[in-house]
Amino acid sequence: SRENKQGFVELDKKEGFLKGEPVTLKSGPLKDKIGIYEGMTVDERAIILFKMLGGNRPVKVSPKLLVSL
């Protein structure tokens with residue numbers, strides 16, 4: 001179990017990415033598009049903000065797909 005002493009589940013910290021950092025994806029339909037790392041979800045997906053459709057849109061992806069710029 002990954003619960004701490006207070007009973008909360010501790011998520012693994014994603015090394016190398018800071019909120020606001022520019023990133024890109026290794027594969028998929030948004031490959032090579034530049035986005036902004038926003039953080040992680042409780043189900044351990046990375047949230048990336050991409051400029052599209054007239055604004056910044058959050059996209060959830062596997063953190064294994066991220067590349068720091």
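Here are a few notes on this predicted model, going from the overall fold down to single residues.

1. Start with the overall make-up. The protein has five strands and zero helices, so if you read along the sequence you simply get β-β-β-β-β.

2. On burial, the protein has 69 residues, and 26% of them are buried. Its accessible surface is about 5,200 Å². Carbon and sulfur atoms hold 55% of that surface.

3. Now for contacts along the chain. Take the contacts with a separation of 6 or more: 30% of them join residues that sit 24 or more positions apart.

4. Next, the β1–β2 pair. Strand β1 covers residues 22-25 and strand β2 covers residues 35-40. The two run antiparallel and are joined by two bridges. If you want a spot to look at in the viewer, go to Pro-22, which stands opposite Ile-36 in β2.

5. β2 also pairs with strand β3, residues 46-52. This pairing is antiparallel too, with four bridges. Here Tyr-37 is a handy marker, standing opposite Ile-48 in β3.

6. Last, the turn. β2 and β3 form a hairpin with five residues between the strands. Glu-44 is the residue to check in this hairpin, as its phi is positive, near 60°.

7. To pull the strand picture together: β2 pairs with β1 through two bridges and with β3 through four, antiparallel in each case.

Definitions and conventions: Residues are numbered from 1 along each chain as its sequence is written. This is a predicted model: local features need pLDDT of at least 70, side-chain atom pairs count only at pLDDT 80 or more; totals for chains, interfaces and linings use all residues. Side-chain values use heavy atoms; hydrogens and water are left out. Buried means under 20% relative accessible area, exposed over 50%, partly exposed in between (1.4 Å probe, protein chains only). Contact means heavy atoms within 4.5 Å. Accessible areas come from the Shrake-Rupley method with a 1.4 Å probe; for residues, only the protein chains shown count as cover. Two strands pair if DSSP finds at least two bridges between them.
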